[in-house]
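Student: I am new to this structure. Can you take me through it in short steps?

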Protein chains: 2
Amino acid sequence: MSSRKTATIRDVAEAAGVSIATVSKFINRQQSFSASVEEKLRSAIAELGYSQNPAARSMVTGKTTAIGLAVMDIANPHYANVMKGANRVALANDYNLLVVDLEEKGTGVREMLEPLALRTDGLIVSSRIPADVVDWLAGLNKPVVFLGQPERQGVVCVGMDSVEVASLLAGYLVQQGFTRIGYVGYGRAAWNAERLRGLHDVLDAAGVELMEFDAEAPTSEAGEQVAARVLLRPDRPQAVIGCNDLVAIGFMTEARSLGFKIPQDVAVAGIDNIPTSRYVSPSLTTVDVFSEATGETVMTRIISMIGDEASRKLSPPPSLKPLLVVRESAKRQDRIAATEV
Amino acid sequence: MSSRKTATIRDVAEAAGVSIATVSKFINRQQSFSASVEEKLRSAIAELGYSQNPAARSMVTGKTTAIGLAVMDIANPHYANVMKGANRVALANDYNLLVVDLEEKGTGVREMLEPLALRTDGLIVSSRIPADVVDWLAGLNKPVVFLGQPERQGVVCVGMDSVEVASLLAGYLVQQGFTRIGYVGYGRAAWNAERLRGLHDVLDAAGVELMEFDAEAPTSEAGEQVAARVLLRPDRPQAVIGCNDLVAIGFMTEARSLGFKIPQDVAVAGIDNIPTSRYVSPSLTTVDVFSEATGETVMTRIISMIGDEASRKLSPPPSLKPLLVVRESAKRQDRIAATEV
DNA sequence: CTGAAAGCGCTAACAG
DNA sequence: CTGTTAGCGCTTTCAG
């Protein structure tokens, strides 16, 4: 049986025979109390099943104890794991998580973000936000952290350095002896330019040719679609990097059904190290970007920014380093087997 | 440049030369206005960049225009897609989504749900909630919908009928001619018993033996772990059903590294039809539970319950039907001789 | 069509 | 240690 109306602080005060101020202080652990009062308070609260009305509280404090998280695609395992990490530290700090899936949209983003901004103490936003929205966010008077966005002046970012991520993979492929490498990017992503830069840094220095392709979306379906275009040409690349594991996996699947053996006929690598990458055949060589840890880091960061104005503009500690994960999909096996072109 | 303090309804009223009541009615489209007032209001609001304070609003209305969604594991693609669907219809109806990842925990669930309950107009909760928490939720005075939970009296549930899902798969396997089938379940899940019932319904009738196993968790890692136990025994099953695609995929991978060919040596099937199931090798036969549509349905449902007391107890329309997705992993190829490797 | 006034439940000084 | 009081920003009767 639950009471008709939910109990308010006044009900508790009355039941305990104290003032509402006392109840408030008790709930918020702001001071100590005489044993008798404390006991009465405790039982009154239990009796009535009282709990604070967050709206009322936030009206006066101006804080919501909620954080907003906006990601490009909730169903992308990378983002799902970022959320997982973010959720964990939010809960540990008594924050609630408001989530919005941007669904890879480029327009109407501000409209989706605005309600979030109003209801939270801070925002975590993933890449590809139009410049005017970035400005709006900056003028919001709340901490905002960008995810996987190249550093810009005046905005705090968390995530791997895209240049480094790409270089890592390029270095491995060069070391394997590939001399013509394809990159299936996603031009509309904020990190795409940096990825290309990282690739070129290494590949140009090694005298390795880079062929650039673009996927329609950062998804497996798009990876499938692009495969024929990449592979059915005389100068096809010996190795292909997908801009994320999803694209790489789709690409790999379609490549196989086109009759290519992986990695013998064409090597494939991805980025992110989503859980699935271990389970495809061949297992996918990729770069671990520590999605879950990224989520934890970004949430930790924003919570500290909320408490401390001073920390709002500090650069994040360069704690997260990408890690190359060597598996089967990108080994140059033809060096120890048959040699095809 | 943003103003120092965010504008309130009073600022707008003053700037427009009207009362705050008028502003309020204007914002909430509660009536029509004289052209002059309307124009002044419009420009004042734009000028000041005013937007409603949701906390203040909800203080008086008692509504939050937010919905809580609690799932067992955010990183499970099934749940991620449920969230995607839920997010979409929430946004379309001007609701915000509060998310909490239960992380497959069995304890402390109420503590995680309580803040959500206080901040939302309704809750969507996925399975395996302890009975006392269910009671608490029921006494909450807010609509609550359970996800993937067997129907109980007095609670609204959305999701596939687990019995049907399991039967569908069992039927297919029987038709393929398998006579000894294994099921890798997850005993702690709310749906496990119904799955078993669905399996037995069909298998017993067909005189097919069912061997039951239990995974440590509904994850790929657990699927890998259990594989040896299932396969390295004289009476190993000819076909194995994972309680979800994640488990099935892990199982399949480990089975292969144990030297089993799939489906020649052992057939494998999963449940959910997560996106990845198409991309593993061999592609995974599974049952589509329409995760994203489930999310849309459950959100639609709860929003209608919020507006309409009467609909709170109605049974949901049996709209969502599971669909068998036949792929490569569970074909009985030995009947037509294994032609390919 | 417009406005005045009464709170929603709570916290934060300030007194005692 | 405990209580009084003044709002936080907004919606909602109820008058005009």
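Tutor: Let us start where the chains meet. This is a predicted model. Between chain B and chain A, the count of residue pairs in polar contact, both at pLDDT 80 or more, is 21.

Student: Which elements give two or more residues to the side of chain B that touches chain A?

Tutor: Helices and a strand both take part. The strand is β2 (96–101) of chain B. The helices of chain B are α4 (54–61), α5 (77–92), α6 (109–119), α10 (220–231) and α11 (245–257).

Student: Which element gives the largest share of that side of chain B?

Tutor: Look at the elements of chain B that touch chain A. One of them supplies 7 residues, the largest share. That element is α5(B).

Student: How many nonpolar, polar and charged residues are on that side of chain B?

Tutor: Sort the side of chain B that touches chain A by class. Its charged residues number 11 and its polar residues 16. The nonpolar count is 21.

Student: How many residues does the contact take from each chain?

Tutor: Take the chains one by one. Chain A gives 48 residues to the contact. From chain B the contact also takes 48 residues.

Student: What is the area buried between chain B and chain A, and which three residues supply the most of chain B's part?

Tutor: The buried area is about 4000 Å², with 53% of it from carbon and sulfur atoms. Three residues supply 17% of what chain B buries against chain A, more than any other three. They are B:K84, B:R119 and B:Y279.

Student: How many salt bridges are there between chain B and chain A?

Tutor: Over all chains, a search of the whole structure finds 29 salt bridges. One that joins the chains is A:K84 with B:D101, where the closest N and O atoms are 2.7 Å apart. Between chain B and chain A the count is 12.

Student: Where do the two ends of the salt bridge between A:E221 and B:R278 lie?

Tutor: The N to O distance for this pair is 3.9 Å, and the cut-off is 4 Å, so the pair counts as a salt bridge. The pair crosses between chains. A:E221 is in helix α10 (residues 220–231) of chain A, and B:R278 is in the loop between β9 and β10 of chain B.

Student: What is the bridge partner of A:L98 in β2(B)?

Tutor: Strand β2 (residues 96–101) of chain A is joined to β2(B) by 3 bridges. The two strands run antiparallel. The partner of A:L98 is B:L98.

Student: What does the UniProt annotation say of residues 7–61 of chain A?

Tutor: Over residues 7–61, chain A is 69% helix and 0% strand. The end C-alpha atoms of that stretch are 21 Å apart. The unreviewed UniProt entry annotates it as "domain: HTH lacI-type".

Student: Where are the cis peptide bonds at A:P263 and B:P282 found?

Tutor: Most peptide bonds are trans. A:I262 and A:P263 are joined by a cis bond with omega of about 5°, and the bond from B:S281 to B:P282 is cis with omega near -5°. A:P263 is in the loop between α11 (245–257) and β9 (267–269) of chain A. B:P282 is in the loop between β9 (267–269) and β10 (286–288) of chain B.

Note on methods. Residues are numbered from 1 along each chain as its sequence is written. Chains are lettered from A and ligands numbered from 1 in the order in which they are written. This is a predicted model: local features need pLDDT of at least 70, side-chain atom pairs count only at pLDDT 80 or more; totals for chains, interfaces and linings use all residues. Side-chain values use heavy atoms; hydrogens and water are left out. Contact means heavy atoms within 4.5 Å. Buried area is the accessible area (1.4 Å probe) that two parts lose on being put together, summed over both. A salt bridge is a side-chain nitrogen of Lys or Arg within 4 Å of a carboxyl oxygen of Asp or Glu. A polar contact is a pair of N or O atoms within 3.5 Å; within protein, one must be able to donate a hydrogen and the other to accept it, and residues adjacent in sequence count only if both atoms are side-chain atoms. Helices (H or I, at least four residues) and strands (E, at least two) are DSSP runs, numbered from the N terminus. Ala, Val, Leu, Ile, Met, Phe, Trp, Tyr, Cys and Pro count as nonpolar, Asp, Glu, Lys and Arg as charged, and the others, Gly among them, as polar. Two strands pair if DSSP finds at least two bridges between them. UniProt positions are given in the numbering used here, feature names are shortened, and annotations may be inferred rather than shown by experiment.
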